[in-house]
Amino acid sequence: MGARYLKQEHHLLRESFCRFLEKEARPFFEKWEEDRLIPRSFWKKLGDNGYLCPWIEEKYGGLGADFAYSVVITEELERIGSGLLGVSLHSDIVVPYIVSYGTEEQKERWLPGCISGDIITAIAMTEPGAGSDLAGIRTTAIADGDHYVVNGQKTFISNGIHANLAVVAVKTDPHAKPAHKGVSLLVIEDGTPGFSRGRKLNKVGLHSQDTAELIFEDCRVPKTNLLGQEGKGFRYMMEKLQQERLMVALMAQTSAEEMLAETIPYLQTRKAFGQTISSFQHIQFTVAEMATEIELGRTFLNQLIESHIAGQDVVTQVSMAKWWITEMAKRIAGHCMQLHGGYGYMEEYPIARRYRDIPVSAIYAGTNEIMKSIIAKNLGL
Ligand SMILES: Cc1cc2nc3c(=O)[nH]c(=O)nc-3n(C[C@H](O)[C@H](O)[C@H](O)COP(=O)(O)OP(=O)(O)OC[C@H]3O[C@@H](n4cnc5c(N)ncnc54)[C@H](O)[C@@H]3O)c2cc1C
């Protein structure tokens, strides 16, 4: 790997986190996939061992660690299975909203629980009628005294079943022009009257990840749960998307690396026509091409992680990485399944699960078409 941002402390973290996962996750992951849920007890163990939100300041209970910690944790979770993505979503995508835009009172109230694993978070932007076009959301939050009354529905929400707290994109001004100026972010807590969960959604892959609908019916949310300022929600979401998309690219890259690593030994042991199939030139060339694409992805990604750690605006390049790496990982999944022959289509082979899990990375966190629109716009088109 050899990334320049990885120092001794990160290698040590990787060693101890791998040991933790071998004991606490790998033996149970298959069952979690069948149950279609990761138990809360696993979240709690992550929290107890300092693996949730390690980057948060010590005064709230965090470790004050750098972003490379998050990278290592995300990679190792992905190596166990893509179904664990909700952990990185919580630590590195949702909680950063509270840290960046929350008041001191909000941070003191929520961050310790986010770090300990007592609070699991979700981000709820997408609605049945609005995904890519976020300014078109219909969930309203109308001021009424010292509360907002929230009405609407969100869908495809990761961690939706477990979440104790959701950062919800709402329209505080449904008539604002342009529409995105009416968007605000509200933190809605489990148990708030009028907040309920719909179905746990039945997905093609990511089976252990809980994805759900969230429903708000005259849900009264205290105004003190507004994140940042009214009408700035859209801007906040745009500011946070660089890290969100970088994380998705990282998960897809890691998955591609795993798929190839799982496939090579298979090719070296499987025999056909009296020889191992890895001795056929076509297979060697396919592997060589995959290894090259994976190397390209990793080099680009490592460079972007370095720039992100340095605080640079790399939105355009991250959009490029998000679409290219997720498409690359989809290609790798197809090739690796093919190289396994019929066994690749059997559930007991890891490639089958990875083949199911990977396509959604081209869809969520902004579809790859939206990534290309951003790139084109930033090129002046
Ligand atoms: C497993 C899973 C987990 C998810 N987790 C979350 C979550 O935690 N929180 C959350 O808020 N959302 C989540 N999502 C939602 C996800 O972000 C949306 O599905 C995604 O943004 C696309 O929105 P959509 O489904 O409404 O598709 P649409 O916006 O309807 O798009 C349909 C198709 O049209 C294309 N399209 C749309 N607009 C354009 C355009 N201008 N130019 C070219 N093509 C275009 C799209 O690229 C896509 O191919 C999740 C989705 C899934 C499947």
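**Exercise 1.** Find which elements each supply at least two residues of the lining of the largest pocket.

*Solution.* Start with the elements, which are DSSP runs numbered from the N terminus: helices (H or I, at least four residues) and strands (E, at least two). Those that qualify are α5 (85–101), β3, α7 (233–269), α9 (315–339), α10 (350–357) and α11 (368–378). Next, look for the largest share: α7 brings eight residues. A pocket here is an open set of points on a 1 Å grid over the protein atoms alone where a 1.4 Å probe fits, with protein on both sides within 12 Å along at least five of seven lines; lining residues have an atom within 4 Å of a point.

This is a predicted model, in which local features need pLDDT of at least 70 and side-chain atom pairs pLDDT 80 or more, while totals for chains, interfaces and linings use all residues. Residues are numbered from 1 along each chain as its sequence is written, and side-chain values use heavy atoms, leaving out hydrogens and water.

**Exercise 2.** Work out which polar atoms of the protein lie 2.8 Å from a nitrogen atom of the ligand.

*Solution.* We want polar contacts (pairs of N or O atoms within 3.5 Å). First, try the backbone: a polar atom of I123 is 2.8 Å from a ligand nitrogen. Then turn to side chains, where an N or O atom of S158 lies 2.8 Å from a nitrogen of the ligand. As an extra, visit T367: one of its polar side-chain atoms is 2.7 Å from a ligand oxygen.

How values were computed. A polar contact is a pair of N or O atoms within 3.5 Å; within protein, one must be able to donate a hydrogen and the other to accept it, and residues adjacent in sequence count only if both atoms are side-chain atoms.
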